Amino acid sequence: MTALDNRLPCTVAQWLQTATARAGEDALLLALELEQADAVYFPTPSRWAALGPALQRVPPQYVVAPEHAGDPFWAWLDIAALVEFEEAPGLAHLMIQRLLAHTLRAEATEDAVRALHAGLCCARLGRIARTVGHGEDARAWYADAMQWGTRAASPDPTYQGMLGLAVTAVAHGNIPAATRWLRGLVDGTAPAPAAYRLPAHQQLAMLARKRGQLIDALLHCWAAYDLLERPDPREASLRVTMAEIACEAGAYMEAVHAIRDVLTTTSHTRVLAPAYVVALQCLRHSPSTEALWRADGRDPMAEAAALLSGEMAPSDSVALRLALGDSLLAAGKTARAVELWSIALDAARRHHLHERVFGLEQRIETDRHTVAAATADAPADRGARPSARRARAAVAQRHPAVRRLLQL
C-alpha cells in the first residue's frame with residue numbers, strides 16, 4: 001500500500017494550523033469525530049443532517065448512490081467529498097486515510113466488501129493527490145485502487161483507478177498513456193458503466209480538440225451528452241464545450257444554438273463565462289447570429305460586461321475580459337478594449353496565467369492605431385483567412401455531429 005504522503009497534515013490539529021481554507025463547522029466536527037473513533041460508526045445524526053443542503057451542491061461524481069444511504073462507510077465518503085469540494089483537500093485526505101485504516105481493520109466485513117471500500121478510499125486519495133499536484137502519489141494510489149478492484153464486490157475501484165490514471169497522464173503530457181486508459185473504459189469488450197464512460201468521453205474530446213480533430217472531439221462530446229441522466233449539472237458544461245468546438249470549426253450559428261438555453265437556465269459563472277466568450281466570438285465572426293439573440297431579447301455584450309461585476313474564477317474573468325475587449329475592438333472602441341485587456345493582464349500576472357499573459361502583452365503592444373491585427377479568433381482560427389474559415393465552416397456544417405447542435 002502507498003505510504004501516507006508526509007507533505008500533507010497527519011492530524012486535524014495540524015491541518016488547522018496550516019490550512020489556508022476553512023471547512024464548515026459541522027464538517028470539521030465530523031472530521032474530528034472520525035479521527036477519534038476506533039471503528040466506522042455512523043456520524044452524529046444532527047451534524048450529518050446539517051450537511052444535507054451543502055451535499056446537494058457537490059457534483060454527482062463526488063457523491064455516492066442513494067442505495068448506500070444507510071451504510072456508515074458511504075456516509076463518511078460523502079462527508080469527505082464535501083470537504084474536498086469545499087477546497088480543503090488536506091482535511092479530506094486525513095478523513096479518507098482514517099476511513100481506509102478503519103476499513104482494513106474491520107475483520108467482520110466480508111473480504112469482497114472490504115476490498116471495495118479500500119479500493120474506493122485509494123481512488124479518492126489518488127484524486128486528492130492529483131489535484132494538489134502530487135502526480136507520483138496519485139499514480140500509486142490509483143494503482144492500489146485497481147489492485148483492490150480485482151477482488152472487490154464491484155469493479156468500481158478498477159474503473160476509478162483507470163480514469164484517474166488517464167487524467168493524471170493528461171496533466172503530465174503523457175497523451176498515449178491517457179488515451180490507452182480512456183479507450184479501455186469506452187471501447188473494451190465489456191465497456192465500463194455510463195458513470196465512467198461519460199467523463200472518459202469528455203477527456204477524449206479534450207485530447208481530440210487539442211490535436212485539432214474537431215469533429216472527433218464533437219462526436220465524443222455527443223457520446224457523453226447521450227449518457228447523461230437528466231437533470232444533470234454537467235449538461236450545461238457539455239453544451240458550452242460543444243459550442244466552443246463548433247466555434248473553432250467556424251460553425252457559428254450552430255454554436256449559438258448550443259448555448260442559448262445555457263444562458264437562461266444556468267447561474268454558475270464557471271459555465272456562464274465561457275458561454276459568453278463563445279457568444280461574443282460568434283457575433284464578431286458571424287453578425288447574422290445577432291438575430292438569434294434579438295429573438296431571445298438578449299444582448300451578449302451587455303450581459304458579459306454585467307457578469308464581470310460579480311465574483312468568478314480568475315481564469316474565467318481574464319478570458320471574458322479578453323473576449324469582450326476583442327468585441328469592443330471590432331466595434332471601433334479601441335481605448336475601452338485596451339483598458340479591459342490591461343485589467344485582464346494584471347489579473348493574469350497575479351494568478352500566474354502565463355499563456356494569457358503572453359497573449360495579452362502581444363495585444364497591448366500592438367500599434368493601437370492598427371489594432372485590427374490584434375482581434376482574437378478562436379485558437380483554431382488564428383492566422384486563418386476569412387475564406388479559409390468559410391471553407392472550414394462549410395465542411396463542418398455538413399457533418400451530422402455539427403448539424404445536430406441546431407436541435408438543442
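Tutor: Contact here means heavy atoms within 4.5 Å. This is a predicted model, in which local features need pLDDT of at least 70, side-chain atom pairs count only at pLDDT 80 or more, and totals for chains, interfaces and linings use all residues. Residues are numbered from 1 along each chain as its sequence is written, and side-chain values use heavy atoms, with hydrogens and water left out.

Student: Which residues in α9 does α8 meet?

Tutor: Helices are DSSP runs (H or I, at least four residues), numbered from the N terminus. On the α8 side, the participants are Gly 135, Ala 138, Arg 139, Tyr 142, Ala 145, Met 146 and Gly 149. Their partners in α9 are Pro 157, Thr 158, Gln 160, Gly 161, Met 162, Gly 164, Leu 165 and Thr 168.

Student: Are α8 and α9 roughly parallel or roughly antiparallel to each other?

Tutor: Axes are lines fitted to C-alpha atoms over the stretch in contact, and angles run from 0 to 180 degrees between N-to-C directions. The axes of α8 (residues 135–149) and α9 (residues 156–171) come within 7 Å and cross at roughly 160 degrees. Angles under 35 degrees count as roughly parallel, over 145 as roughly antiparallel, 65 to 115 as roughly perpendicular and the rest as oblique. The two helices are therefore roughly antiparallel.

Student: How are α15 and α18 oriented to each other, roughly parallel or roughly antiparallel?

Tutor: Helix α15 (residues 269–285) packs against helix α18 (residues 314–330) with axes 9 Å apart. The angle between them is about 20 degrees. The pair is therefore roughly parallel.
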